[in-house]
Amino acid sequence: MTERKMLTTSNRGLLEDSFPFRLYQKAKRLGTWNPADIDFSQDAHDWKKLNTDQQEDILRLISQFQAGEEAVTLDLLPLIMAIAKEGRLEEEMFLTTFLYEEAKHTEFFRLVLNAIGEKGDLSHFHTDTYKKIFYELLPTTMERLVTDQSPAAIAEASVVYNMFVEGVLAETGYYSFYQALENARIMPGLLEGIGHLKKDESRHIGYGTFLLQRLICEHPHLFDYVAAKMTELTPLALRLNEEGIAGREVSAFGGDPALVMEFTLRQLSVRMDILARAKGKKIEEIYRFSDSELGVL
Ligand SMILES: [Fe+2]
Ligand SMILES: [Fe+2]
């Protein structure tokens, strides 16, 4: 074993101006909301007034988010371990807030379900494509990092977790929630939590973007690898939407499902556009990216 080199007692100290450290500071300031403090009494009231189709649409979204948050909470640890092994202290400091926030998101959706009195099994909302992503692809990609911490394995994990699950699927989910609830002016507690979630997730996606840009800068051939992975995942996002829409031309709240599909496609291309900004950049420039440049709210 090589002798450990301490960073914070060396001339290096902490890289206080680096993107991950700034993100860590932001998470400490903004990531302090408590799901248990949200008042869901109006939500419980609104829920009873919805018709069966509307309840079905909301429950599908909640059940997919609930299981999605559970999955990302359980699956993140191998990435944190890989980053810690490389001694990337500022990144790991940020990742401590990341995991804590995923735990709160898991708690949040369960509180919503409890408040509206939904205690039954919701796994019938997990379609084949949903299962492929959250029961298979995500856990196997993340678990691979336990034995393989190569740059390609870390890049693949970040593409699946940060770019695809968080950056495309979760973002599409928020869009669908707003499309249904904001126009109908119902379930304020659910919307309040979604607002917090969206901000938390923008930091998670921002970190993933930084991580991939750093990896691409250090190993330029990884850009094509990452782009190919995103292309490979694209049909899964489209199929997941189609399964949710189930041939309907209008959602139970009057929303246009085609807009949701457009949103997903836009997210897929936005993620790759942002990653492409790392091409030809020096590593110091990657560390100096501002929050807004990486889409952090
Ligand atoms: Fe989350
Ligand atoms: Fe997240």
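**Iron site, core and pocket of a predicted model**

In sequence, the donor residues of the iron ion (ligand 2) follow the spacing E-x63-E-x34-E-x2-H. This is a predicted model, in which local features need pLDDT of at least 70 and side-chain atom pairs pLDDT 80 or more, while totals for chains, interfaces and linings use all residues. Residues are numbered from 1 along each chain, chains are lettered from A and ligands numbered from 1 in the order written, and side-chain values use heavy atoms, without hydrogens and water.

Reader: Which protein donors does the iron ion (ligand 2) have, and how far from it do they lie?

Author: Donors are N, O and S atoms within 2.8 Å of the metal (3.2 Å for Na, K and Ca), and water is not among the atoms, so a site may look incomplete. Glu102, Glu166 and Glu201 donate through OE atoms, Glu201 being listed twice, and His204 donates through ND1. These donors lie from the iron ion (ligand 2) at 1.9 to 2.5 Å.

Reader: Which residue bridges the iron ion (ligand 2) and the iron ion (ligand 1), and how far apart are the two ions?

Author: Glu102 is one of the donors of the iron ion (ligand 2). Glu102 also forms the bridge to the iron ion (ligand 1), and the separation of the two ions is 3.5 Å.

Reader: Which helices hold Glu102 and His204, and how many residues apart are they?

Author: Helices here are DSSP runs of H or I, at least four residues long, numbered from the N terminus. Glu102 belongs to helix 5 (residues 89-115) and His204 to helix 8 (residues 188-218). The pair links distant parts of the chain, at a spacing of 102 residues.

Reader: Is Glu102 buried or exposed?

Author: Buried means under 20% relative accessible area and exposed over 50%, with partly exposed in between (1.4 Å probe, protein chains only). Because the relative accessibility of Glu102 is 0%, this residue counts as buried. His204 has a relative accessible area of 0%, and Glu166 one of 3%. His204 is therefore classed as buried, and Glu166 is likewise classed as buried.

Reader: Which residues does Glu166 touch beyond four places in sequence?

Author: Glu166 is located in helix 7. Its C-alpha atom is 20 Å from that of Arg277, which is 111 residues away along the chain. With contact taken as heavy atoms within 4.5 Å, the partners of Glu166 are Phe98, Glu102, Tyr161, Glu171, Glu201, His204 and Ile205.

Reader: Which helix supplies the largest share of the largest nonpolar core?

Author: A nonpolar core is a set of buried Ala, Val, Leu, Ile, Met, Phe, Trp, Tyr and Cys residues joined through side-chain atoms within 4.5 Å. The largest one has 59 residues, and Leu138, Phe164 and Leu169 touch the most other members. Its largest share, 12 residues, is supplied by helix 7.

Reader: Which residues does Phe164 touch, not counting those up to four places away in sequence?

Author: A second, separate core of 29 residues includes Ile58, Phe65, Ile116 and Leu197, whereas Phe164 belongs to the largest core. The contacts of Phe164 are Ile133, Val159, Leu169, Leu233, Leu236 and Ala237.

Reader: Which helix gives the most to the lining of the second largest pocket?

Author: Among the lining residues of this pocket are Glu171, Lys198, Ser202, Ile205 and Arg271 (a pocket is an open set of points on a 1 Å grid over the protein atoms alone, where a 1.4 Å probe fits, with protein on both sides within 12 Å along at least five of seven lines; lining residues have an atom within 4 Å of a point). At least two lining residues each come from helix 8 and helix 10. With 4 residues, the greatest contributor is helix 10.
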